[in-house]
Each structure stands twice: as C-alpha cells, then as structure tokens.
Amino acid sequence: MTEILFTVLQDILFFVLLIGGGWFFGRAFYKIYKGEPVFAKKVFTATENGIYKIMGVDPKEEMTAKKYALGILLFSVFSLIFFIAVVMLQAFLTMNPEHIEGMSWHLAFNTAASFVTNTNWQAYSGETGLSYLSQMICLTVQNFVSGAVGIAVLFALIRGFVGRQKKTIGNCWADITRVTLFMIPVCFVGAFILVSQGVPQTMSGSVSYTALNGEASTLYLGPAASQIIIKQLFTNGGGFWGVNSAYPFENPTPFSNLIECLSLLWIPAGLCFTFGKAVKMRGENGTAVKEKDQGIALLKVMSILFIAALIVCTVFEFVGAAMPEGVKYLGNMEGKEARFGVGTSALWATATTAASNGSVNAMHDSFTSIGGMIPMFLMMLGEIVYGGVGCGLYGMIAFAILTVFIGGLMVGRTPEYIGKKIGSYDMKMVCLIILTPVLCLLIGTASTVMIKEAPEWLTNSGAHGFSEILYAFASMAGNNGSAFAGFNANTPWTNVTGGIVMLLVRFVPMFAALGLAGSLGNKKMIPQSDGTLSTNNAMFVGLVIAVILIVGALSFFPALALGPIAEFVG
C-alpha cells in the first residue's frame, strides 16, 4: 500500500508540475511565434541578425506554403547527407578516443533518417557505435534543429488559422533560427542541473574498473549532459548510452529522473497554450472574438487520454506479476530499476510514448502484456497525446478538424474550425496527416513478419515475438525511438525499411500540415452563428476523444489482438 500511495502522490505532483511548466513554455513560444525575443533582447536580436546575414536570409520575407515546404525539405536533405557522411567516415575523423569504426551504409542511413526526423531510433548502442564528434555534430545538433522544424511547421499552421485571405505563412528560416536560439540557453541551464546530479560532461575516454564480482568492465563517459537535456526537451529520446535513462550515469538521482521525465512533455503541453493564445482574438472590422479556450480544449483531450493510459499501465504493472510466498509484493519488477520501482517506471513509459520521445528508464519488453500494450497504443495513435514538439499538436488539430467534419456531415452543414470553413482539400491534407503513420506501421510490420529470417531476429516466439516487431514499427511510424529489446533491428532489411518509414511518417504529414496552413490562410474568417459547432466545450472534448479512439481501434485492434491481447488471454 505504501508503494501505491507513493505512486498516486507522485503522479499528481508530476501532472501539476507538467501543466505549470507547460504554461511557462507556452508563453515563451508565443513570443517566439510573434518574432519577439523571450529574454536578453539586445543579445538575441544581434545574434539572430548575424545568423541571417551569414545565411543570406531576409527574415521579413514571407513564404507561401510551397516555398516554406521547400525550405524544410532542402534543410532536411542536407542534414541527412551530412549525417550519413560523418558517421560512415568517423573512424578517420577526430574526437574518437575509443577508435570506433564507421557505420555500415544501411545503419548510417537508418540513424541519419532517425535523427533528422526527430525519431532517435537506434539500432546500435550509442557509447560504442558513435564517436564524440558524431555524437556532438550529428546527434546533438539534430536534437535541436529537428525539434525546431516541428515547431516551425506548427507556427505556420497557426498563421493559417489567424490569417485572412493571406497566401503566406511566415519564414521557415526565421522560425527555425528563433526556436533554436531560445533553446540553447535553456538547455545550458538544464545541462548544468544534470551535471550537478552526477551526469557526465567530459571529453575524456572510457575508464576501466573491476566490478564487485571480479570481472573487468568499462565505464563509458563523454559529453552526455548537453545531449541528454535537449533530447528530452525536444522529444528526441535516443542518445549517448544504449540503455538510456535506466543507466545510472544518465539518470543518477530521483531529482534527475523527475526533471528528465517532465522534460518529455513540458514543451508539447506548453504549445497548447501557445496555440490558444495565438488564436484568442479574431474578427473583422475590429470586432474581437475570444478564442483562448481552443488550446485548453485540446490540452484537455491530451490530458484525459494520458491519465487514462497512465492508470491502465500502472495498474497492470502492479497486479501483473505473481510473487513467491513470503516475498514482499512489489509488482512486476522485471526489467525495472529497483531505485525507481513500478510506479515511476510506468509513469516514464507512458510519458515517453505519449510524446514522440522514446527514452526509457525501464525495459518495455519486460512489461506485462497489457502494460506493454499501452505504450504501443499511444505510439499507434500518432503520438498526439501531447506528442512531439510541434508535430504532436498539429496531429491533434487534424483530429479536431476531422471531428468537426464528421459533425458537419451529421447536421448537413459545412464544417468550420476556428472561423475557417473546412473544404475537400483541407480534408485530404487531414487524411494524409492521420493515415500516413497508420499505413506505414501496418505495411512495415506485415512485410517484416513475412521475411523468412524474421524469427531469427527475435528473442521470443509466438504472440510476444510478434509484439516485438509490431512495437518496433509503431515506434518508427510514431517517430518515437523506443523498442522492445528482444528484436534485433540492426539488419539491412530493418534499417532500410525503417529508415523509409521514418522519413515518410515525418515529412508526408508535415508537408500536409503546411498545405493545410496555406489553404486556411487563404480563406476568409467566418463569424460564429447558432449553427456553428462549439469547439471549446466539454462535448467537443468528448467527441475528439471518441474519434481518436475509434480511428485507433479500427486501425490497430486486429494487430493488437495478434500480439499483446493474445499474450494476455493465452
């Protein structure tokens, strides 16, 4: 009972701190959306202008949706090529004290696609697979800019809602630069906090030591803290060490665990406040209509789904394991750190898969069948329950638009959302945002299980073995990065297929969101009437949740029935 009471109090405190910190980040990103420095105005303005001068960019030049998408595409393609080149040639470059060899072409492609898409799926162990140089100029840099790209696209979509017959949606270079400049000092403070808790930040090589059992072992160190904080805040996930935040040097104390776990969701939750504040005033001829509750309504949808998932995961992890007679019952402790226990591990697992993060402080493969199904299902929903930075919210907005479209069909009225009529082109873009991850996940899983070598890649057979493959493609199709550890993903098939899946589910919905932004921005604002479906009340929150669950159930129940559900009833 003491463990359960502690878990309940911990979860309540976590949620309070999440919303409080989210509110702070929401206000900060609203200023960035408006093009205003959050702090140190003179320093940031001078730095920002210097960057634009070097790039040859005019930040005041507005872009159409197509030009904005082209800028994102060129930036991402350059990042992908540069990343592949560095990790394949790292053996010949500097800052490689462990003399790590270059990656194979297929692993390099998969890793580059993973980090450029904000997935951070790793088919290798970070401390033995990448040099310090690769960790810093590839992983850490992409942790910043891939997250900034997601937020920039969200900004563009917001401008589509607030624009009035306007063909432009902002400047992608300005948006990415401003977001990144804000996050650098934030991450400097965060890294300092982690260092104070014992997380390494050093350029020294590994240290050899003798373990208590007498075996010689190696402790891998490096510039870790600076990478860990940004991978958490920008929902990246994978990073310096293969076992991630279950590793004592990455996550040494209860306080570091709390900070890292909150960092998973602070910005995705905060962007709901940004969205609500940005669309709070609209109208023609000076007539203002308050819409500040729009962001709160979406935050409620996310929070209800998150709390429900957390409860189910926690309950099954507590009751899902039998203990020998005379042994104190602690729940399912397999694959979990004793210093964290069941409650803290379940909270992290839910948070990391609700966001498109993927960092772990326990092994999800060792969760109970239903406890492990919850993280899998959250990823299958497209990781919109807070979700990734930027992409989680525009994914949730797509579900909100689908909801008003269904509501419009039921009453025979053209659907509207935040003052914009939703047409056929808009619904095509919404379908691309929602269905692309679904198709990639199911096709990737189905094609992999048909490979004759697939059983050799699995630690387990039967339903759990299928769950390992299903989880892997749910993770890649959700731009998450976590895994059921029993699946050997470092094969040419999985690396290439997974890389393609990650690229498709990142950029097809992203460009669809930009297309939606351009379409909405070019429309007139429509005043509300008695027939307009209210999109900021409890009924709408319930409708959006129902649509999300129906889409999820119809899309994934057959696959889940073959995996975790079959394992549970078997």
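**Pockets, cavities and helix packing in a predicted model**

The largest pocket in this structure has a volume of about 480 Å³. Its lining is made up of 26 residues, and those closest to the centre of the pocket are Gln122, Gly242, Gly481, Ala483 and Ala485. Sorted by class, the lining of the largest pocket holds 12 nonpolar residues, 13 polar residues and 1 charged residue. Please keep in mind throughout that the model I am presenting is a predicted one.

Let me turn from the pocket to the cavities. A general remark may help here: rolling a probe the size of a water molecule over the atoms shows where empty space is left. How many cavities of 30 Å³ or more are there? The count comes to 7.

The largest cavity has a volume of about 230 Å³. There are 19 residues in its lining, and Gly382, Cys391, Ile433, Pro437 and Val505 are the closest to the centre. Which elements give two or more residues to this lining? They are α14, which covers residues 391-411, α15, which covers 424-449, and α17, which covers 492-521. The largest share comes from α14, with 4 residues. As for the chemical character of the lining of the largest cavity, 11 residues are nonpolar, 6 are polar and 2 are charged.

The second largest cavity has a volume of about 110 Å³. For this one I can name the lining residues: Ile32, Gly35, Glu36, Pro37, Val38, Phe39, Phe44, Glu48, Arg178, Leu181 and Phe182. Two elements, α2 (41-55) and α7 (172-196), give two or more residues to the lining of the second largest cavity. Of these, α7 gives the most, namely 3 residues. The classes in the lining of the second largest cavity are 7 nonpolar, 1 polar and 3 charged.

I now come to the packing of helices, with two pairs as examples.

The first pair is α3 and α6. Helix α3 spans residues 65-88 and helix α6 spans residues 132-162; they pack at an angle of about 165°, and their axes are 11 Å apart. Why is α3 described as roughly antiparallel to α6? The angle of about 165° is over 145 degrees, and therefore the pair counts as roughly antiparallel. The crossing of α3 with α6 is left-handed. On the α3 side, the residues in this contact are Tyr68, Ile72, Phe75, Ser79, Phe82, Phe83, Val86 and Val87. On the α6 side, they are Ser134, Ile137, Cys138, Leu139, Gln142, Val145, Val149, Ala152, Val153 and Ala156. By class, the contact of α3 with α6 has 15 nonpolar and 3 polar residues, with no charged residues.

The second pair is α1 and α9. Helix α1 runs over residues 2-33 and helix α9 over residues 254-263, and the two pack at an angle of about 50° with their axes 10 Å apart. That angle makes α1 oblique to α9. Is the crossing of α1 and α9 left-handed or right-handed? It is right-handed. Phe14, Leu17 and Leu18 of α1 meet Leu258, Cys261 and Leu262 of α9. The contact of α1 with α9 consists of 6 nonpolar residues, with no polar and no charged ones.

To close, I return to the two helix pairs. In this predicted model, α3 is roughly antiparallel to α6, whereas α1 is oblique to α9. Neither the contact of α3 with α6 nor that of α1 with α9 contains a charged residue.

Terms used. Residues are numbered from 1 along each chain as its sequence is written. This is a predicted model: local features need pLDDT of at least 70, side-chain atom pairs count only at pLDDT 80 or more; totals for chains, interfaces and linings use all residues. Side-chain values use heavy atoms; hydrogens and water are left out. Axes are lines fitted to C-alpha atoms, for helices over the stretch in contact, and angles run from 0 to 180 degrees between N-to-C directions. Angles under 35 degrees count as roughly parallel, over 145 as roughly antiparallel, 65 to 115 as roughly perpendicular and the rest as oblique. A crossing is left-handed if the near helix is turned anticlockwise from the far one by less than a right angle, and right-handed if clockwise. Contact means heavy atoms within 4.5 Å. Ala, Val, Leu, Ile, Met, Phe, Trp, Tyr, Cys and Pro count as nonpolar, Asp, Glu, Lys and Arg as charged, and the others, Gly among them, as polar. On a 1 Å grid over the protein atoms alone, a cavity is a set of points where a 1.4 Å probe fits but cannot get out, and a pocket is an open set with protein on both sides within 12 Å along at least five of seven lines; lining residues have an atom within 4 Å of a point. Grid points are joined across faces, edges and corners, and a volume is the space filled by probe spheres set on the points.
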